[in-house]
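Student: Could you take me through one part of this model closely, the last helix and what it meets? I would be glad of one connected account.

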Amino acid sequence: MPAEATLDAPRPPAAADRVFRALGDPTRRAMLERLSEGPAAAKQLQELLGITLTAVIQHVGILEDSGLVHSEKVGRTRTCSLRSEGLAVAADWIAQRRALWERRLDRLGEVLDEDDASP
């Protein structure tokens, strides 16, 4: 069993693993912030972030593998755009965890209410 997995928390599916790994890097999050405004050329991302074009392409590759970004090359220009499906994977995983904890907290509230009602 991997060190980060516990018996209490099931491991996320592989798609969620890829999304969260991609989101774990501040440069990739900055790229996503920019792409949330609309498509951008890799050169624009390079200028915005102040990194090499090679680094941009590597980050874009990771974002594509995670399903967060789509890119296409026309001539010498690679244009990147945000894919909402990738964000949905993360949102779904978070929503499932939130629902689990809300149920647990609701149950805790019920138990505490029962204790308050006891003489």
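Tutor: Happy to. The count of salt bridges in this structure comes to one, and that bridge makes a good way in to the part you asked about. Please keep in mind throughout that this is a predicted model.

The partners are E85 and R83, whose side chains meet with 3.4 Å from N to O. In general, side chains of opposite charge can pair when their charged atoms come close. E85 has its place in helix α5, which covers residues 84–117. With a relative accessible area of 45%, E85 is partly exposed, and R83 is partly exposed too, at 32%. From E85 one can also look across to S66: the two are 19 residues apart along the chain, and their C-alpha atoms are separated by 9.9 Å.

Before following the helix, it helps to place α5 in the whole. The chain has five helices and three strands, and from the N terminus on they run α-α-β-α-α-β-β-α. Helix α5 is thus the element that closes this order. Of the 119 residues in the chain, 25% are buried. The accessible surface comes to about 8,100 Å², and carbon and sulfur atoms account for 54% of it. Among contacts between residues at least 6 apart in sequence, 49% join residues at least 24 apart.

Now move to G86, which is also found in helix α5. G86 has 2% relative accessibility and therefore counts as buried, the limit being under 20%. Leaving aside neighbours within four places in sequence, G86 is in contact with V19, G67 and L68. A second distance brings in A16: G86 and A16 are 70 residues apart along the chain, yet their C-alpha atoms are separated by 8.5 Å.

Further along, the helix takes part in an aromatic pair, and a search of the whole structure finds one such pair. The rings are those of F20 and W93; their centres are 5.3 Å apart and their planes stand at 70°, so the pair is edge-to-face. Because F20 lies in helix α1 and W93 in helix α5, the pair ties together parts that are 73 residues apart in sequence. F20 is partly exposed, with a relative accessible area of 29%, and W93 counts as partly exposed as well, at 22%.

Continue to L105, again in helix α5. L105 has 52% relative accessibility, so it counts as exposed, for which the cut-off is over 50%. W101, L105, L108 and L112 form a nonpolar patch on the surface, and their accessible area together is about 420 Å². In soluble globular proteins, nonpolar side chains tend to be buried together. You may like to hold that general tendency beside the patch as you view the model.

For the buried counterpart, turn to the largest nonpolar core, which has 15 residues; L45, L63, L68 and V69 touch the most other members. The elements giving two or more residues to this core are α1 (14–23), α2 (26–35), α3 (42–49) and α4 (53–66). One of the core residues named here, L68, is also among the contacts of G86, which gives you a route from the helix to the core. Another, L45, touches M31, R34, L35, A40, V56 and C80, not counting residues up to four places away in sequence.

One more glycine lies away from the helix. G38 is found in the loop between α2 and β1 (40–41). With 17% relative accessibility, G38 counts as buried. G38 and S81 are 43 residues apart in sequence, and from C-alpha to C-alpha they are 6.6 Å apart in space.

To retrace the walk along α5: E85 pairs with R83 in the salt bridge, G86 is buried, W93 forms the edge-to-face pair with F20, and W101, L105, L108 and L112 make up the surface patch.

How values were computed
Residues numbered from 1 in each chain as written. Predicted model: local features only at pLDDT ≥ 70, side-chain atom pairs only at ≥ 80, totals over all residues. Heavy atoms only, no water. Core = buried A, V, L, I, M, F, W, Y, C linked by side-chain atoms within 4.5 Å. Buried < 20%, exposed > 50% of the residue type's maximum accessible area, 1.4 Å probe, protein only. Helix = DSSP H or I, 4+ residues; strand = E, 2+ residues; numbered from the N terminus. Contact = heavy atoms within 4.5 Å. Patch = residues over 30% accessible without salt bridge, like charges linked within 9 Å, V, L, I, M, F, W, Y side chains within 5 Å. Areas by Shrake-Rupley, 256 points an atom, 1.4 Å probe, with all protein chains shown as cover. Salt bridge = Lys/Arg side-chain N within 4 Å of Asp/Glu carboxyl O. Phe/Tyr/Trp six-rings, centres within 6.5 Å; stacked < 30°, edge-to-face > 60°.
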